[in-house]
Amino acid sequence: MKTVLITGCSSGFGLEIARYFLDREWRVIATMRTPREDVLPRSERLSILPLDVKDPHSIRAAIDAAGPIDVLVNNAGIGFLNALEGTPMDTARDIFETNTLGTIAMTQAVLPQLRERREGVIVNVTSTVTCRPLHLLSVYTASKAAVNAFSESLALELEQFNVRVRVVLPGRAPSTRFGENAQARMQNGFPEPYSALVQQIFANWEKQTSVTHAEDVAQAVWLAATDSSSPFTIPAGEDAVEWYNARAK
Ligand SMILES: NC(=O)c1ccc[n+]([C@@H]2O[C@H](COP(=O)([O-])OP(=O)(O)OC[C@H]3O[C@@H](n4cnc5c(N)ncnc54)[C@H](OP(=O)(O)O)[C@@H]3O)[C@@H](O)[C@H]2O)c1
């Protein structure tokens, strides 16, 4: 039986990815900053472990408790929307510590066992915002684009050990807690010189009809984890596929 460890399973994509793999007879290690037993169906194949990807001690404890892992899904992430002038450096650091360095630290912690067994997959969840520039998302986009670049290079050095690396690019998913969680970091509002731009951006979003659903992301992660012929980059969601196909080549 194969084992997947997923970060950020308390809500959204991570929770759905955990359900998806559980339904397909995998052993699932669903990790959460604050573990909750009531969000996933009870199963002998499910372990819920505490994990904060910004905390090296928490990472070590989770990996030690998890036992052998076949697939690591780096899904945990935080969002933020503002002009750069409205982005405190502490917030920029928090975004990179979570989205970028959290992914790198988790990968580093799991990698030795995959290399020794000469088998395994690392799936990094980034975003279609990396396919084309958007207003007010400079720091968030940079944190995810860095993971894309990290993954590309890592994939090359791990080929010799039969360890695959894949990147899943979700589109905009209003149904997860992402926006709500991001808003908690956005209490200071937007700098006044940017207010007309902000209104225009929000109005354009309301016109967008195609979105990404958590199940689209779970399917893409499943493909990445189980199909060795899957592409390196997998867009997840109707809007994501449109964006990915239209990206500047
Ligand atoms: N929703 C979108 O529109 C969208 C689009 C493209 C990509 N993404 C990416 O998809 C991933 C999942 O997002 P989502 O939409 O499912 O949002 P979500 O519902 O907010 O889920 C994010 C998860 O990450 C966890 N997390 C945050 N910081 C963490 C840390 N330091 N250590 C461990 N876990 C941490 C959260 O845990 P807590 O409950 O403890 O906060 C939560 O479980 C993120 O990487 C996000 O950047 C989202």
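The buried residues of helix α2 pack against strands β1, β2 and β3 and against helix α3 (89-117). This is a predicted model. Its seven strands form an open sheet with parallel pairing. A ligand is surrounded by 30 residues.

**Helix α2**
- Helix α2 spans residues 56-66 and lies across β1 (3-6), β2 (27-32) and β3.
- The helix runs at about 160° to β3.
- Ile59, Ala62, Ile63 and Ala66 are the buried residues of α2.
- These four sit on the same side of α2, because they cover an arc of only 95° around the axis.
- An α-helix has 3.6 residues a turn, so residues three or four places apart point the same way.
- His57, Arg60 and Asp64 are exposed, on the face of α2 turned away from its buried side.
- Gly67 follows α2 and has a positive phi, near 75°.

**The sheet**
- Strands of a sheet pair through backbone hydrogen bonds, either parallel or antiparallel.
- Here the pairing is parallel, and the strand order is β3-β2-β1-β4-β5-β6-β7.
- The edge strands are β3 (46-50) and β7 (233-236), and each of them pairs on one side only.
- From one strand to the next, the twist averages 20°.
- Strand β6 (residues 163-170) runs parallel to β7, and four bridges join the two.
- Val168 has Ile234 in β7 as its bridge partner.

**Helix α8**
- Helix α8 covers residues 238-246, and its buried residues are Asp239, Ala240 and Trp243.
- These residues lie on the same side of α8, because their arc around the axis is only 100°.
- Strands β6 and β7 are included in what covers the buried residues of α8.

**Around the ligand**
- Of the 30 residues that surround the ligand, the closest are Gly8, Gly12, Ala76, Gly77 and Thr176.
- Three elements each give two or more residues to this shell: α1 (12-23), α3 and α5 (178-183).
- Helix α1 gives the largest share, three residues.
- By class, the shell has 15 polar, ten nonpolar and five charged residues.

**To recap**
- Helix α3 packs against the buried residues of α2, and α3 also gives residues to the shell around the ligand.
- Edge strand β7 is joined to β6 by four bridges, and both strands help cover the buried residues of α8.
- The other edge strand, β3, is one of the strands that α2 lies across.

Conventions
Residues numbered from 1 in each chain as written. Predicted model: local features only at pLDDT ≥ 70, side-chain atom pairs only at ≥ 80, totals over all residues. Pairing = 2+ DSSP bridges. Axes fitted to C-alpha atoms, helices over the stretch in contact; angles between N-to-C directions. Contact = placed C-beta atoms within 7 Å. Buried ≥ 20, exposed ≤ 12 C-beta atoms within 10 Å, placed from the backbone. Arc of directions from axis to C-beta. Near = placed C-beta within 6 Å. Nonpolar A, V, L, I, M, F, W, Y, C, P; charged D, E, K, R; others polar.
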